[in-house]
There are 2 protein chains.
Amino acid sequence: MTTSEQHPNLIQVLDFVDSHRQAFVDDLFQLLRIPSVSADSAFADDMCRAADWLVSHFREMGLAVELIETAGHPIVYAESPPVEGAPVALVYGHYDVQPPDPSDKWITPPFEPTVRDGNVYARGACDDKGQMLTHVKSLQSWLKSSGKLPLQVKLVIEGEEEVGSEHLGSFLADNTEKLACDCVVISDTSQFAPGVPAITYGLRGIAYFELHLTGPNRDLHSGVFGGGVTNPANALCKMLAALVDEEGKIRLPGFYDDVTSLTDREREEWQALPFDQQEFENQLDVDGVTGEAGFTTLERRWARPSLDINGMTSGYQGEGAKTVLPTRASAKFSFRLVPDQDPAKVTAALRAFLEPLVPPGITMELVEYHGAAGIAFPLESPYLEAAANAIETGFEARPVFMREGGSIPIVNQFHQRLGAEVLLLGWGQNDDNLHSPNEKFSLIDFHRGVRASAALWHELASLAQGQ
Amino acid sequence: MTTSEQHPNLIQVLDFVDSHRQAFVDDLFQLLRIPSVSADSAFADDMCRAADWLVSHFREMGLAVELIETAGHPIVYAESPPVEGAPVALVYGHYDVQPPDPSDKWITPPFEPTVRDGNVYARGACDDKGQMLTHVKSLQSWLKSSGKLPLQVKLVIEGEEEVGSEHLGSFLADNTEKLACDCVVISDTSQFAPGVPAITYGLRGIAYFELHLTGPNRDLHSGVFGGGVTNPANALCKMLAALVDEEGKIRLPGFYDDVTSLTDREREEWQALPFDQQEFENQLDVDGVTGEAGFTTLERRWARPSLDINGMTSGYQGEGAKTVLPTRASAKFSFRLVPDQDPAKVTAALRAFLEPLVPPGITMELVEYHGAAGIAFPLESPYLEAAANAIETGFEARPVFMREGGSIPIVNQFHQRLGAEVLLLGWGQNDDNLHSPNEKFSLIDFHRGVRASAALWHELASLAQGQ
């Protein structure tokens, strides 16, 4: 039991949460029954219904609400009144869901929430209606039981997360003052494992490229020309192989200059995680792994840069043998970046590295796709500490501090546009079948999430008062 | 003028050839009008008509003829009587042709021989009806003008060359005594350039492989897993790049042990060829070439082993970016081999080289496709000298001695099954559009080819008498 649980206001709020557990589930089920599939225009009316549901909900809670139209699906914005001396938190979530396809693989209909083994099965149960609603319900609990919130909360619930958040960026850019906040709270990730809640405090960035090498102006007979003409597929292998050394280090000059090292505390935290290397390999059916020397698998995936070829194509790919010296060879590949690497700097270093490697007889075209910086908030951040306390209240377990190897573009957006720290508080599980049939969400975790969120508002408010 | 031209019999024969120039062209046109497309069963009757045309022709010439049925298209076999003290020559050719597709690209119909600018345009004009018929017409000229041949000649004219010569191997194997000969004459190649007739005295061999590397049991998210799991596409590039060093040498241990060096004479002969490196690069639209250090382009293509990746495939190959760590990566690649490299030895060395390079987390499957040894007859061979003299008689130009970078499986077959030296005497040009629309053959070269062939029988016969 943390100290926060002893605070009279919070005790009252948590009691409210506990006594309205079934009512909150009923509300969740209402929202899950609306098939708000953003990718399919056949569901356009349902998208509006889902947005309207949120608008009424927020209005009924006494928040100031706006339905903000975009060229795509609307953004629902709500806020509570400012609280003098307390920080401002912004909740981000999304009311759109993935298409249910393949629909015939669902045990029960995707938009008819059904409970089995303590989980609710429905499209959007976890991603993100269930997780997002934990914050809505915690705010409602505060407002109903205590009459007001201990800090100002703003909510941005968009309808285009599953289709690329196309209009979120300009909304943030155009409303930096309105959206000004100290921290952003997002629950759209997972716990580390069942019973092991997690705060994700870092993400890797990315720099994605496509390399085209062109040799002779047509496919040649590899018998007639082989050995006398530079083969672009041979050149491609050689150039890509040159990017990584025997120790698994990327050979671009200066590549590691801006890499922030892991702190001792981070390495210790991760060593303590219930991660079983053998189990990891078994699940992937591999007899071992390789990677950057001197780092564990979690360190390599979460906090070290890497290079992966994502696709390769050249010459004859059908059955059997064809003696062709191909005119062209291409590869898609991407670096995962970590703080404080700059994608633009990596791109320049890559180009400078590859150009001298292009052999006579080959022309190179290097296409740049998206780049995003890695991001990591300091473990010592008071917001992280506040969130950890709140999660302990809600889940009765201390959360672990983890990072993610992938990028979440909206996190970069919020951080860059609003200068706010982003708290990724995941209530889901890794096997919740996001984007797959039979998506689920644990109803116990839904309840715990509401409790944790309720405690979070208290913790954040106390934090500011104490600072 | 060579001495052979002064021989009374040959003079008589060459006079016959000259005076029947148009009659021979008429015969060629008869054969070209038969659409003997071996690949398409719709032309089965025409295949029989073409074979029958040859049978009647040989019979009319007084040769012993057999139509040998196979499970595919028949082989036409003919022979003249043995000549005491003279060598035995075997002529190989084929009466089948490539499909004319795309038919609409022909300026005149593919099976209606048409003369333009001194060339006959028709499918099979050069490959191989026109070239093959030079030998038939030279034999006819000898028989008509001199009553007999100065040596025994056997002819094997098959109908499946364009579909892989499936039944030729067993025919050779089953008839080694009947087909016994000192040299095999094949006219199914090209001159080095217009006005530069050539004898091809060597071919490279091949060892073709497909390498499959399998990593994790499914495609993974390259953000979540990248750096922590061995990527099979990365591994493929690294393993293939390791096969060739900075000097363009293949790094398999022992790979060069059995490579026969070029003789000084060969290097000199090739240096003297009208080969323009700049022109070669211009035609391929490349700004240079790479290859094994210390060798010219022709040496690299004709007499040095090489490694070419023929195809590669892995991961995402569509438009745009996909952050996938692929489960699998594959490449097709082949070594070109030269005398006296053994494909089986190369295969063993390759496997031994690659196996230790397979990184943890990857399983390798190496598929062996066809292997064939390289072949080269010594430039000092009396048969080559005889052929060179004959070509000088027919073409009024001394032929150059070249090799080819590709393999011609039937050459290996004849050499291995019958132990005979193979003379590749090409009358075609590099732009004769073999296998393409508007195939052509120079009628002057047809006539010169008949004269050269007529002289060849005399030269070979003299050769034996002189030995």
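Me: Which residue stands opposite Tyr92(B) in S6(B)?

Reply: Val156(B) stands opposite Tyr92(B). This is a predicted model, in which local features need pLDDT of at least 70 and side-chain atom pairs count only at pLDDT 80 or more, while totals for chains, interfaces and linings use all residues. Residues are numbered from 1 along each chain as its sequence is written, and chains are lettered from A and ligands numbered from 1 in the order in which they are written.

Me: What makes S3(B) and S6(B) a pair?

Reply: Strands (E, at least two residues) and helices (H or I, at least four) are DSSP runs, numbered from the N terminus. Two strands pair if DSSP finds at least two bridges between them. Strand S3 (residues 88-94) and strand S6 (residues 152-158) of chain B are joined by 7 bridges and run parallel, so the condition is met. S3(B) also pairs with strand S7 (residues 183-186) of chain B, in the parallel sense over 4 bridges. There, Leu90(B) has Val184(B) as its bridge partner.

Me: Why is S3(B) called mostly covered?

Reply: A residue is buried if 20 or more other C-beta atoms lie within 10 Å of its own, exposed if 12 or fewer, and partly exposed in between, with C-beta atoms placed from the backbone. In S3(B), 7 of its 7 residues are buried.

Me: Which residues of S3(B) point one way, and which the other way?

Reply: Val88(B), Leu90(B), Tyr92(B) and His94(B) point one way, while Ala89(B), Val91(B) and Gly93(B) point the other way. In a regular strand the side chains alternate between the two faces of the sheet.

Me: Why is Asp117(B) called exposed?

Reply: Asp117(B) has 8 other C-beta atoms within 10 Å, so it falls in the exposed class. Asp117(B) is in the loop between strand S4 (114-116) and S5 of chain B. Its phi is near 50 degrees, a positive value in a residue other than glycine.

Me: What makes His435(A) partly exposed?

Reply: His435(A) has 13 C-beta neighbours inside 10 Å, and therefore counts as partly exposed. His435(A) lies in the loop between strand S17 (421-426) and strand S18 (440-442) of chain A. Phi of His435(A) is near 65 degrees, again a positive value in a residue other than glycine.

Me: Where is the cis peptide bond of chain A?

Reply: The cis bond joins Asp127(A) and Asp128(A), with omega about 5 degrees. Asp128(A) is in the loop between strand S5 (119-121) and helix H4 (129-146) of chain A. In chain B, the peptide bond from Asp127(B) to Asp128(B) is cis, with omega near 5 degrees. Most residues other than glycine have a negative phi, and most peptide bonds are trans.

Me: Which strands are the edge strands of the open sheet S4-S5-S18 (chain B)?

Reply: That sheet has 3 strands with antiparallel pairing. S4 and strand S18 (440-442) of chain B are its edge strands, as each pairs on one side only. The twist averages 30 degrees from one strand to the next; axes are lines fitted to C-alpha atoms, for helices over the stretch in contact, and angles run from 0 to 180 degrees between N-to-C directions. S5(B) and S18(B) share 3 bridges, with Tyr121(B) opposite Lys440(B).

Me: How many residues of chain A are in contact with chain B?

Reply: Two residues are in contact if their C-beta atoms, placed from the backbone, lie within 7 Å. By that test 65 residues of chain A are in contact with 65 residues of chain B. S11(A) gives the largest share of the chain A side, 9 residues. S11(A) and strand S11 (residues 306-315) of chain B pair in the antiparallel sense over 5 bridges, and Ser314(A) has Met312(B) as its bridge partner.

Me: How do you know that the copies meet through the same surface?

Reply: 100% of the interface residues of chain A are also interface residues in chain B, so the surface is the same.

Me: What rotation superposes chain A on chain B?

Reply: Copies are superposed by least squares on the C-alpha atoms of residues with pLDDT of at least 70 in both. A rotation of 180 degrees with 0.1 Å of shift along its axis does this, with RMSD 0.1 Å. That is the relation of a two-fold axis.
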